Amino acid sequence: MKQALALWVHSLKRVRILILIMGLLLAGFQVLLTLVAGSVYRSNAFGEMSKFIPDFMRQLMGPSFIALMSFSGIVCVGYFHIAVMGSLVGLTIALATEPASEIETGFIDLVLARPIARHWLISRSVALIFVCTVFTILMMMLGTWIGLYGLAPNGAEWPSPQLIQSLALNLGVLMLCWGGIALAISSVSRRRSVAGSTAGLLALSLYLLDYVARVWKPAETVRWLSPFMYYSPLDTVLGAMIPSHHLWVLSGIACAGFAFAYVSLSRRDL
């Protein structure tokens, strides 16, 4: 158990600077969004902003468009902005492909030369993904509340704590989902570049599938294949509760990926 903990600490030390910088950037972005939302609110420019949104984007967002053109909506944008979501999914994939890196460099031979079971290699990665996911999401929430308490103009309607928590939870579970998928791919790969690029291309393909299925009826029949279908922040901004089966599906994919990685790494020839 001590050696397994030492392995986890070693992995955490390798990524601690990256995770810390990512957390600070996300928190800073949330503060910046509050500053922008406050500036727009004071100038009463939400109507002017809506004129620059193309019609197809309005149709894509539906009633969510009106909710986003508000102080509360702009503050919440960070939880589903494509740059933030893509960065966090990419970060999770990078963390999950560490086993492939250890196989490629031969570091795994040094680890297994000690009295440590193979399953600890996967348990280490699962724990690392979970801890880093929680940290980055908490930093986003911290940035949101710092911005609201320090920069929100008087009279502006704040997003409710329940809304922030729901958006953060949905984003965090999405990260765990892709962590499970990437870890499963990593467990059968010998090169980190192959595992990372495969997981990244899969994430991009399924995101585009979900995007196209929202505006093109024939693609709706296969939309359920994309985990992004179960990430519905715009509905949450409108006040709807996250469907419980969405969280269960994302959690189930994560658990299935982790379980596959355990079985695969325990049986494969290293």
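Accessible areas here come from the Shrake-Rupley method with a 1.4 Å probe. With that in hand, welcome to a short tour of this predicted model.

**View 1. The whole protein is built from helices, 13 of them, with 0 strands.** Reading from the N terminus, each element in the run is α. The protein exposes about 13600 Å², and carbon and sulfur atoms supply 69% of that area. Of its 270 residues, 46% count as buried. Look, too, at how the chain meets itself: among contacts between residues at least 6 apart in sequence, 79% join residues at least 24 apart.

**View 2. Leu32, Leu35, Val36 and Leu151 make a nonpolar surface patch.** The patch covers about 310 Å². Helix H1, residues 2–43, gives the most to it, with 3 residues. Leu32 is a good place to pause: this residue sits in helix H1. Leu32 counts as partly exposed because its relative accessibility is 45%, and the partly exposed class lies between 20% and 50%.

**View 3. Helix H11 spans residues 192–215.** Its 24 residues reach 35 Å from the first C-alpha to the last, close to the 34 Å expected at 1.5 Å a residue. Which residues of H11 are buried? They are Ala195, Ala199, Ala203, Leu206, Leu209, Asp210 and Ala213. The buried residues of H11 pack against three partners to find in this view: helix H6 (82–96), helix H7 (98–105) and helix H10 (161–186).

**View 4. The largest nonpolar core holds 60 residues.** Start with Tyr79, Leu88, Leu95, Met140 and Trp178, which touch the most other members. The elements that give two or more residues to this core are H1, H6, H7, helix H8 (107–112), helix H9 (119–151), H10, H11 and helix H13 (244–267). H10 gives the most, with 14 residues.

**View 5. A second, separate core has 7 residues.** Among them are Ala37, Val75, Leu148 and Ala152.

**View 6. Here we zoom in on Tyr79 and its contacts.** Which residues does Tyr79 touch, not counting residues up to four places away in sequence? Tyr79 touches Gln30, Met140, Met141, Thr144, Ile164, Leu167, Ala168, Leu171 and Tyr231. Met140, in this list of contacts, also appears beside Tyr79 among the core residues that touch the most other members.

Terms used
Residues are numbered from 1 along each chain as its sequence is written. This is a predicted model: local features need pLDDT of at least 70, side-chain atom pairs count only at pLDDT 80 or more; totals for chains, interfaces and linings use all residues. Side-chain values use heavy atoms; hydrogens and water are left out. Helices (H or I, at least four residues) and strands (E, at least two) are DSSP runs, numbered from the N terminus. Buried means under 20% relative accessible area, exposed over 50%, partly exposed in between (1.4 Å probe, protein chains only). Contact means heavy atoms within 4.5 Å. Patches are made of residues with over 30% relative accessible area and no salt bridge: like charges are joined within 9 Å, nonpolar side chains (Val, Leu, Ile, Met, Phe, Trp, Tyr) within 5 Å. A salt bridge is a side-chain nitrogen of Lys or Arg within 4 Å of a carboxyl oxygen of Asp or Glu. The expected span of a helix is 1.5 Å times one less than its number of residues. A nonpolar core is a set of buried Ala, Val, Leu, Ile, Met, Phe, Trp, Tyr and Cys residues joined through side-chain atoms within 4.5 Å.
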